[in-house]
Amino acid sequence: MSELQARGPLVLGIESSCDETAAAVVDVDGLVLSDVVRSQIALHAPFGGVVPELAARDHVRAVVPVVEHALTEAGIRLADVDAIAVTHRPGLIGALLVGVQAAKGLAWAADRPLVGVDHLVGHLLSPFLRRGDDAVASPPYPFVGLLVSGGHSALYRCEGPLAESIHELGATRDDAVGEAFDKVAKLLGLGYPGGPVIDRLAASGDPSRSFPLTPPMAHRDSLELSFSGLKSAIARRLEAGSLDGDEAVADACAAFQRVVVDTLVTKTLRAARREGVDTVVVAGGVACNRELRARMAEACGLRGLRFVAPSPRNCTDNAAMIAFAGAAKFVAGRTADFALAPMTVTELPRVTRKGRGLR
Ligand code: KG4
Ligand code: ZN
């Protein structure tokens, strides 16, 4: 057993919804005993985005060694876990299928309960994970959660750890924020994934030297988001040939990131005010963004709101957040049977649908 003292049930989590094969062992309080993430970035980089069939095949190769590694790192055997949690939605169907089938096999072999976890719930609970070395104070419920990743971008009111306590307040009508970072980086020839490289280049660029970008969905009362217009605006500048040289590219990155961050901070604070909550959480891969973290912390501080940002390693896809969300379901008696099936959509009810506004 790991030298960290686990309390209560231990859950093995498995994540394979997109391009990371991950497994982790976490206790019911969020203490992480192991957290193994095998990224497929190099596999998909030549294509500038995730290729679903390649992702599924690579998960097949990786899932057993990754689970074994997670158990070894935690210093336990499969028989020591109390439940096996797996991401079963939303995500790429072939990729999800690999994790779900592996989890079923392990649950059957070890005679342990199986728990199906929604990936978005996992992200929203990531600030509860603790490692001893990077202890972030857990957010109190209720909080407003801004979930910004490569596949999803939405604001939620979170009243507890179960899906029925999490309510979408508004979401993107088109691209997810991370998707916009990735597409803009691809247009600018900066490689994949785009978020980290734009984050880095933006720090050396000057947004005011670049061309103006209109903040999307700026209507006063809206909590909806939209990012595809920003990508198109940059594409038009490129076509017009006015984005030449490293300095112009860095300035464009800074301008793009500035308008995205402005939008996210404005909408998140609006949601907190409207919901009457005093805690704000950011989650998902884009929550690694340094300007977003700094500006959100500053804006929350000015308004007397508590701001909780998970450590960057807990923001990008991982299985520790899945194990923790699974532990909450396990103690609530929400286990699944072997009919558990992967699904491409989240179980969280939506108020905004892609391509459409509020219903
Ligand atoms: O949460 P995640 O690992 O996977 C999904 O569930 O989608 O998020 C991946 C996304 C990618 O689009 C990546 O470009 C973005 O997070 N990302 C960032 C940063 N680091 C990762 N975006 C902006 N700034 C960053 N520093
Ligand atoms: Zn994710």
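How many residues surround ligand 1, and which are the closest? In this predicted model, 21 residues surround ligand 1. The closest are Gly 150, Asp 182, Asp 199, Gly 285 and Asp 317.

**View 1. The shell around ligand 1, by element and by domain.** Three helices, α4 (119-125), α5 (177-187) and α6 (194-204), each supply at least two residues of this shell. The largest share comes from α6, with 4 residues. By class, the shell has 12 polar, 6 nonpolar and 3 charged residues. Domain 1 (10-134 + 314-331) and domain 2 (143-309) both contribute to the shell, so ligand 1 lies between them.

**View 2. Polar atoms facing ligand 1.** A polar side-chain atom of Asp 182 lies 2.7 Å from an oxygen atom of ligand 1. For Asp 317, a backbone N or O atom lies 3.0 Å from an oxygen atom of the ligand. His 119 places a side-chain N or O atom 3.4 Å from an oxygen atom of ligand 1. Taken alone, ligand 1 exposes 560 Å². The protein buries 89% of that area.

**View 3. Protein donors of the zinc ion (ligand 2).** His 119 and His 123 each donate through NE2, and Asp 317 through OD. These donors lie 2.0 to 2.1 Å from the zinc ion. In sequence, the donor residues are spaced H-x3-H-x193-D. His 119 and His 123 are 4 residues apart in helix α4, and therefore about one helical turn separates them.

**View 4. Angles at the zinc ion (ligand 2).** Why is the arrangement irregular? The 4 donor atoms subtend angles of 94 to 136°. Four donors count as tetrahedral if all angles lie between 85 and 135 degrees. The 136° end of the range makes the arrangement irregular because it falls outside that window. Ideal angles for four tetrahedral donors are 109.5 degrees.

**View 5. Two cis peptide bonds in loops.** The bond from Tyr 141 to Pro 142 is cis, with omega near -5°. Pro 142 sits in the loop between α4 and β6 (143-148). The bond from Tyr 192 to Pro 193 is also cis, with omega near -5°. Pro 193 belongs to the loop between α5 and α6. Most peptide bonds are trans.

**View 6. A positive phi at Asp 111.** Asp 111 is not a glycine, yet its phi is positive, at about 55°. Where is Asp 111 found? The residue occupies the loop between α3 (93-110) and β5 (114-118). Most residues other than glycine have a negative phi.

Terms used: Residues numbered from 1 in each chain as written. Chains lettered and ligands numbered in written order. Predicted model: local features only at pLDDT ≥ 70, side-chain atom pairs only at ≥ 80, totals over all residues. Heavy atoms only, no water. Near = heavy atom within 4 Å. Polar contact = N/O pair within 3.5 Å; in protein donor to acceptor, adjacent residues only side chain to side chain. Areas by Shrake-Rupley, 256 points an atom, 1.4 Å probe, with all protein chains shown as cover. Nonpolar A, V, L, I, M, F, W, Y, C, P; charged D, E, K, R; others polar. Domains from an automatic or database assignment. Donors = N, O, S within 2.8 Å, 3.2 Å for Na, K, Ca; no water. Tetrahedral: all angles 85-135°; square planar, octahedral: opposite > 155°, others 65-115°.
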